[in-house]
Amino acid sequence: MKLTFPHMGNTYIPVKAMLDDLGVNCIIPPFNNKKALEIGTKLAPELACLPLKINLGNFIQAYEMGADSILMTGGCGPCRFGYYCEMHREILSDMGVDMKVITLDIPGNDYNKLLNNVREITGGLNIYKILKAVKNTVEVSKKVDELERLTFKIRPREIHKGATDKIYRSFLYSILKIKGSRNIKKHIDKARNKLLEIQTDKEMKPIRVGIVGEIYTTNDPYSNLYIESRLGNEGIEVTRPVTVSGWIIDHMIKKALHLKGDERYKEAAKPYLGTMIGGHSQETIGNTVLFAKDGYDGVVQIFPLGCMPEIVSESILPSIERDFKIPVMSLIIDEMTGEAGYMTRVEAFIDLLKRRREIDAFEGKGMLSWN
Amino acid sequence: MSIKVGIPKSLFYYQMYPLWNTFFEELGAEVITSPNTTKKILDEGVRVCVDEACVPVKLFHGHVLSIKDKVDILFIPRLTSISKGEYVCPKFGGLPDMVKSTVKGLPEIIDVEINWRKADSNDIESIITIGSFIVKDEKAIKNAYKKAVDKFNDYNEDIKKGFMPEDDKNRKSNLFVVKDSGIINIAVIGHPYNLYDSYINMNLFKKLRANGVNIITQEMIGEDVINLHARKLNKRVFWNFGRKALGSVMHMIEGSDIKGMIFLMSFGCGIDSFIGDLAERMIRRHTDIPFIYVTIDEHSGQAGLDTRLEAFIDMIRWRDKNEVDISAYG
Ligand code: SF4
């Protein structure tokens, strides 16, 4: 079996680590690219969401590289992601692309199916080995997230512009050649040390922007046109609470073990969104409130066109914007999103935040001179 | 004076109005529904709602605007789930929040969550909370609900027989006899709030009926038949609408005299984008039944639909006539 799986930002790193540890032969599709999106757009229903389309492109490109099976996670709704696996299966089979779709669903009560799928992937069921691989995967994903967070901190403060991007990008590519969680972890540490050597302006107090929205488009730089790196290079520090490791840990592992994750956002969301309605809408609302209370300068919401839960968030966000006087911008992404129009909006938003900062600073000074 | 409860004539209204109307009326409230959809109602909804929302949700906002000043209290339940193990749509779950954030000057809102996802039977707790907005007597609420459920069951039986909610006034005259000469059966798959709102579906039902079409909807197919087929799917569909739609389509493929299928789809609907596609794949893979999409959006025009429908029906009739002449053995 040659297994492939869809890209979503840095997810390929922990997943690769896990499959390596389990001794599974895996083919990582080329990083998200224009061709992949074109393929997916052609195959998928027109109004399907963007991640589904890119996924399909990933699969076809991996198929061309020799992959014969696909590993997906499932879900039980109400967000469409939970039914991706079936859409993929049907579309690929109509295209005559002979790939097997294996879904690792979080079991409701049918653990047998899950175990069978695991057995199929790993060619056996050595529980000890599997648990160890899972543990290592969690560690790797945490480390990847930490590394990413470090780039968010350093990028706006770096003295030589572009230094962070250079190290980080070469790290993302080099991972492809490294096998096994142990080596991958070492490699992450190396990248971290390199990042820490970058010269930064320690005095700087960058503008702070929170990123909220749908998990795929916020976590996948290709889909969001590298928003985090662009903001960072403009001297803005970004924070994104919803991450891959968070998702793996909270949604898969903690749910399976019935443990509670960090739920501050739920409390914060309550006045605006009463319950969980699927996707990450509750996180979007709750985290926006938390950002506002923490004194962030602005919030950017990102989601794929047609995303049901995020449309609900989008229509609620203006209330938070009003109540807390924090600027919020929604970026909606589909295959037609043009770079030019997108960047104009992002730049206008940055300008707005900078101007607000200046006014605040000015008023602050005025206050001081009175004392 | 009795409390005036407002129910927007949109979304859950069409599926559930006998339930809620009876319930509130039994409790002594006066139920006020917004008028049938008009251009003005739709336009106002479109104006206040976010661009990315689907038409039914925009329309719902319009209906809220049209009655909010005429009532003491608005009923916008948080409909997370109306069936075990399934969801409605994320937008139904967030509906009261969307409305509250978008529409100014709202009266009090009954935004109680209805989540029957985990329950085997109806979760009476949420019903009691809803009822207590009107009266404090728990027993009265339970009684009212019992009566409401009876009405609701009758309604669903009527729908199964081929009545449409809008036939209410003149029921019998609209009932066609299946397989009568010249009458063809066409399945229309779509959400009840699109099927039964003739403004928003551009009079689709009237047009079909005027052309001698007997309409079959998923609401007319028994729950057990639907489930039997839905179980054959690789993975259970977790949307109430989706399971019913695909179960019905599979049933129609296997053994019915459906001559054509129309998938009535809301532009911007996440669920339709998947379910419509899967339905089309199934139909094309296993049958030669003609299939078209009719897409609803705020700009859709009557004229275009008329020509498409006529062509579609002509083609079906033509095939129906000529099929018998073609030998099955070539
Ligand atoms: S099911 Fe579709 S049409 Fe209905 S509210 Fe949800 S997205 Fe809109």
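Start by selecting the ligand in this predicted model: residues from chains A and B surround it (each with a heavy atom within 4 Å of it), so the site is shared between chains. Of the 13 residues in this shell, those that come nearest are Cys54(B), Cys89(B), Lys91(B), Tyr193(B) and Cys269(B). Next, colour helix H3 (55–67), helix H4 (90–93) and helix H12 (270–286) of chain B, each of which supplies at least two residues of the shell; helices here are DSSP runs of H or I with at least four residues, and strands runs of E with at least two, numbered from the N terminus.

Move now to the largest nonpolar core, a set of buried Ala, Val, Leu, Ile, Met, Phe, Trp, Tyr and Cys residues joined through side-chain atoms within 4.5 Å, where buried means under 20% relative accessible area with a 1.4 Å probe and protein chains only. Of its 158 residues, Phe12(B), Trp20(B), Phe23(B) and Phe24(B) touch the most other members, and helix H1 (residues 12–26) of chain B gives the most to this core, with nine residues. A second, separate core of 34 residues includes Phe171(A), Ile175(A), Ile188(A) and Ala191(A).

Finally, select Gln301(A), which is placed in strand S6 (residues 298–304) of chain A and is buried, with a relative accessible area of 0%. Leu317(A) lies 16 residues from Gln301(A) in sequence and 9.0 Å away in space, C-alpha to C-alpha.

Residues are numbered from 1 along each chain as its sequence is written, while chains are lettered from A and ligands numbered from 1 in the order in which they are written. Local features need pLDDT of at least 70, side-chain atom pairs count only at pLDDT 80 or more, and totals for chains, interfaces and linings use all residues, with side-chain values using heavy atoms and leaving out hydrogens and water.

Definitions and conventions:
Buried means under 20% relative accessible area, exposed over 50%, partly exposed in between (1.4 Å probe, protein chains only).
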